[in-house]
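The following paragraphs offer a guided reading of a protein model, passing from local backbone features to strand pairing, nonpolar groupings and contacts across the chain. Please keep the sequence and the coordinates in view while reading.

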Amino acid sequence: MKHVSKMKKTVLAAAVATSAAVLAAPSVAVAEVSGNVGISNIYLWRGQDLSAGNAQVFGGLDYAHSSGLYAGVWGSSENDSDADGDASTGGMEYDLYVGYGGAVGDFTYDLSFVDYNYPNATDADFQEVVASLGLAGFSAAAFIGVGDYGHGSDAVDNKDNYYNLGYSYDQFGINVGFFDFDADSSDYTHVDLTYALTDELGFTVSKVVDSDDDNMDDANDTLFVVTYALSF
């Protein structure tokens with residue numbers, strides 16, 4: 001079984017940013033409720049194809065308050081498999097999250113807690129604390145594993161962490177990610193190049209450029225991703 005998370009943070013952040021405003025009362029702070037749906041030719045997550053070459057369908061709902069607090073749910077199809085080729089997460093997931101973010105001039109910050117759930121494979125459930133900073137097109141994020149993988153007597157400590165550095169200019173972007181696994185000989189680094197043709201249509205080329213795992217031959221293939229997403 002792979003111990004991995006799947007949330008597409010950029011999709012979630014974009015959904016909150018483009019949400020429709022709802023004013024509760026003249027004296028109450030503005031809050032926003034939004035949704036997003038989309039499809040990709042594969043499920044790309046941190047340099048890996050988690051859908052075994054199959055298409056991914058995803059969507060979410062978000063609530064964002066003008067104070068900076070937000071919460072939401074995001075769900076996706078998937079076809080993740082373990083080292084034996086068996087499905088490890090049951091073909092679907094849903095993620096619950098809550099956080100706080102804001103900006104001071106051009107400097108942005110965000111801190112959130114994410115709960116990843118796999119209804120048909122609950123031994124893969126886990127949580128992360130996510131901290132991110134941004135300035136002048138540059139971004140840095142840390143996804144820190146907390147709690148356990150799974151539940152009850154079969155639960156295993158989650159000590160896996162993931163780090164990402166990125167830069168975006170106009171419609172182009174580059175991201176470098178490093179997955180730091182607690183298990184020996186599992187760490188890897190990947191690079192993603194992105195291009196947003198429109199607000200809805202984007203392209204990504206992803207490549208694992210360094211790995212401690214000699215069995216990651218499939219993950220070392222260059223991945224080409226086309227994503228179409230709508231926000232409402």
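**A guided reading of the model**

Asp170 lies in the loop between strand E13 (161-169) and strand E14 (172-180). The model is a predicted one, and in it Asp170 has a positive phi of about 55° although it is not a glycine. Most residues other than glycine have a negative phi. Asp170 counts as exposed, because its relative accessibility is 66% and the cut-off for that class is over 50%. Ala52 also has a positive phi, of about 55°, and is likewise not a glycine. The residue is found in the loop between E4 and E5. With a relative accessible area of 52%, Ala52 is therefore classed as exposed.

These two loops belong to a protein with one helix and 17 strands. Of its 232 residues, 39% count as buried. The protein exposes about 11,800 Å², and carbon and sulfur atoms supply 60% of that area. Among contacts between residues at least 6 apart in sequence, 44% join residues at least 24 apart.

The pairing of strands can be followed through E6, E7 and E8. Strands E6 and E7 pair in the antiparallel sense over nine bridges, and within this pairing Ser77 stands opposite Met92 in E7. Strand E7 is also joined to E8, again antiparallel, by 11 bridges. Here Tyr94 stands opposite Asn117 in E8. The hairpin of E7 and E8 has two residues between the strands, and Gly105 takes a positive phi near 65° in this hairpin.

In a regular strand the side chains alternate between the two faces of the sheet. In soluble globular proteins, nonpolar side chains tend to be buried together. Which residues touch the most other members of the largest nonpolar core? They are Trp45, Tyr118, Phe179 and Tyr188, in a core of 22 residues. Strand E5 (56-65), strand E6 (69-77), strand E8 (107-117) and E9 each supply at least two residues of this core.

Nonpolar side chains also gather on the surface. Val37, Ile39, Val57, Leu61, Val73, Tyr94, Leu96, Tyr228, Leu230 and Phe232 form a nonpolar patch there, and together they have about 860 Å² of accessible area. Two or more residues of the patch come from each of strand E2 (31-40), E5, strand E7 (92-104) and strand E17 (223-231). Strand E5 thus appears in both lists, giving residues to the core and to the patch. Leu96, one of the patch members, is found in strand E7. Its relative accessible area is 37%, so Leu96 is partly exposed; this value also satisfies the patch cut-off of over 30%.

Side chains of opposite charge can pair when their charged atoms come close. The count for this model comes to one salt bridge. The side chains of Glu128 and Arg46 form the pair, with 3.2 Å from N to O. Distant parts of the chain are linked in this way: Glu128 is in strand E9 (residues 126-135), whereas Arg46 is in the loop between strand E3 (44-45) and strand E4 (48-49), 82 residues apart. Are these two residues buried or exposed? Both Glu128 and Arg46 are buried.

Other residues separated in sequence can be located by their C-alpha distances. Asp160 lies in the loop between strand E12 (156-157) and E13. Because its relative accessible area is 7%, Asp160 is buried. The C-alpha atoms of Asp160 and Phe179 are separated by 7.6 Å, although the residues are 19 apart along the chain. Phe179 has been met already, as one of the residues that touch the most other members of the core.

Ser186 lies in the loop between E14 and strand E15 (188-196). Leaving aside residues up to four places away in sequence, Ser186 touches Phe181, Asp212 and Asp213. Ser186 and Asp212 are 26 residues apart in sequence, with their C-alpha atoms 5.4 Å apart in space.

The last residue to consider is Ser231, which has its place in strand E17. Ser231 has a relative accessible area of 41% and is therefore partly exposed. A C-alpha separation of 9.5 Å is found between Ser231 and Asp199, which are 32 residues apart along the chain. Strand E17, which holds Ser231, is also one of the elements that give two or more residues to the nonpolar patch.

Definitions and conventions
Residues are numbered from 1 along each chain as its sequence is written. This is a predicted model: local features need pLDDT of at least 70, side-chain atom pairs count only at pLDDT 80 or more; totals for chains, interfaces and linings use all residues. Side-chain values use heavy atoms; hydrogens and water are left out. A salt bridge is a side-chain nitrogen of Lys or Arg within 4 Å of a carboxyl oxygen of Asp or Glu. Helices (H or I, at least four residues) and strands (E, at least two) are DSSP runs, numbered from the N terminus. Buried means under 20% relative accessible area, exposed over 50%, partly exposed in between (1.4 Å probe, protein chains only). Contact means heavy atoms within 4.5 Å. Accessible areas come from the Shrake-Rupley method with a 1.4 Å probe; for residues, only the protein chains shown count as cover. A nonpolar core is a set of buried Ala, Val, Leu, Ile, Met, Phe, Trp, Tyr and Cys residues joined through side-chain atoms within 4.5 Å. Patches are made of residues with over 30% relative accessible area and no salt bridge: like charges are joined within 9 Å, nonpolar side chains (Val, Leu, Ile, Met, Phe, Trp, Tyr) within 5 Å. Two strands pair if DSSP finds at least two bridges between them.
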